[in-house]
Amino acid sequence: MPRIPPELCTRCKGYRLLCGLPSCPILDRLRSQARSLERARWSREVQGSTPPSILVGERGYPGVRLYYMVPPGVAGPEAQRYEDPLGWRSSRTPLGSIVRLRSELVAGVLRVDARRPHELLYQREIGPAALSERPVDSLLELARLPVPRVSFDGYTKPVGPTAPARRVEVEGNPRLEKPVERAIWEDEKAEVMAWELFNRGVNVYTIQRALSIGFLGRLRARRLVPTRWAITAVDEMLSRRLRRLLKTAPEIGEVEVYFSEYLHNRFLIILKPGPGWMEWIEIWHPHTVWTPGAGGPVASVVREDPLGRKNMEDGGFSAAKLPVLEHLYSRGRRADVIIVREVLPQYYAPVGNWHIRETVKHALAQKPLAKNPQPGELDALASKLIGEWGLAKRISQLMKPRKTLESYMD
């Protein structure tokens, strides 16, 4: 097999199959390694509480697979830890523990027509269970023993052993937040409802699931939305609204530097006076999950202008952008933004882009490490935090005079 350039892998993250192969060889290897983490045998009848955890696939659309996940024998509040991005980040749950938790979930797979979400989700209460505030007792009757494997990609959380489901029974009573319960029956555009829920304190992960399972949008036009698409769609919908609200806001008055690290990913955020240009710089070290054969660091850049026009799509950038705009909106200020993500070799398995969103949010919730540093001071500080700061600075346009960036985008 010809050598695949690492630069291509960091753009693809196992999802787009830009290399032309039928499956990602990196993820295939991870799946085989993860088998040792799984239980040897499962029953065809699985009882437990969904955390809640549900995933909609995209292959074969509109005839998609719906994965309803349950940790066998685990019921009540304990089940929540199997799908808990906010809790994982706040407790700094390590990468290996997250992979183990996800590998213990059994997924019953149903074939669903994405154009007809009501029949399966509303009538069987699978949809309300997926949006419940607390775990919901469930029963999976599987057609065969689950396949012992774990599926990874760069956008969604890992999925554990799977098997076709003869029956999915929601045995408990889902409890929905009141804004979510009202939104189910609202005949309004998905973007409007997503913003309303976000503005009322509903977390972004519930909104993503609501869009994915066909609970948002015009009543007659609702569809199931593949989970990968829904994650980025919600990030982008909310970001567009925040950008519009910040359009006439005053600029921040000085440069601010923030930093946080989690799951062997480092994030440096620099806010500087400006109308709202954004730059996402990803640097992957050799021997990370997407760069097994790289001879040196591999970098990519996404740039977005104040109107939200960007040079390429990237789910990681969308995940990082939302908490930054949320932070600026809470202050009523605009800023130019540089986000540097440095991925260390210890990040051996992708667990979804939720950790990007949460780590950037955590960084901005702290006091800035520096305010209005001089160029030399900024370089000294950034070099201590980001090992490849020199590379990030060379490819950054926002570290140069603003007209250079405007000329680039033109």
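Between which domains does the second largest pocket lie? I looked this up in the predicted model. Domain 2 (178-246) and domain 3 (256-401) both give residues to the lining, so the second largest pocket lies between them.

**Entry 1: the second largest pocket**

I noted a volume of about 340 Å³ for the second largest pocket. I then turned to its lining, which consists of 21 residues. Nearest the centre of the pocket I found Arg243, Arg244, Pro306, Leu307 and Gly308.

I next asked which helices supply the lining. At least two residues each come from α10 (227-246) and α11 (315-331). The greatest share belongs to α10, with 6 residues.

For the chemical character of the lining, I recorded 9 nonpolar, 3 polar and 9 charged residues.

**Entry 2: Ser132**

I moved to Ser132 and located this residue in the loop between α6 (126-130) and β5 (136-142). Is Ser132 buried or exposed? Its relative accessibility is 4%, and because buried means under 20%, I entered Ser132 as buried.

I then examined the polar surroundings of the Ser132 side chain. A polar atom of this side chain lies 2.8 Å from the backbone oxygen of Arg134. The side chain of Ser132 also reaches the backbone nitrogen of Arg175, at 3.1 Å.

Finally, I listed the contacts of Ser132, leaving aside neighbours within four places in sequence. The residues in contact with Ser132 on that basis are Pro52, Pro174, Arg175 and Leu176. Arg175 thus appears in my notes both in this list and through its backbone nitrogen, which the Ser132 side chain reaches.

Conventions:
Residues are numbered from 1 along each chain as its sequence is written. This is a predicted model: local features need pLDDT of at least 70, side-chain atom pairs count only at pLDDT 80 or more; totals for chains, interfaces and linings use all residues. Side-chain values use heavy atoms; hydrogens and water are left out. On a 1 Å grid over the protein atoms alone, a cavity is a set of points where a 1.4 Å probe fits but cannot get out, and a pocket is an open set with protein on both sides within 12 Å along at least five of seven lines; lining residues have an atom within 4 Å of a point. Grid points are joined across faces, edges and corners, and a volume is the space filled by probe spheres set on the points. Helices (H or I, at least four residues) and strands (E, at least two) are DSSP runs, numbered from the N terminus. Ala, Val, Leu, Ile, Met, Phe, Trp, Tyr, Cys and Pro count as nonpolar, Asp, Glu, Lys and Arg as charged, and the others, Gly among them, as polar. Domain bounds come from an automatic or database domain assignment. Buried means under 20% relative accessible area, exposed over 50%, partly exposed in between (1.4 Å probe, protein chains only). A polar contact is a pair of N or O atoms within 3.5 Å; within protein, one must be able to donate a hydrogen and the other to accept it, and residues adjacent in sequence count only if both atoms are side-chain atoms. Contact means heavy atoms within 4.5 Å.
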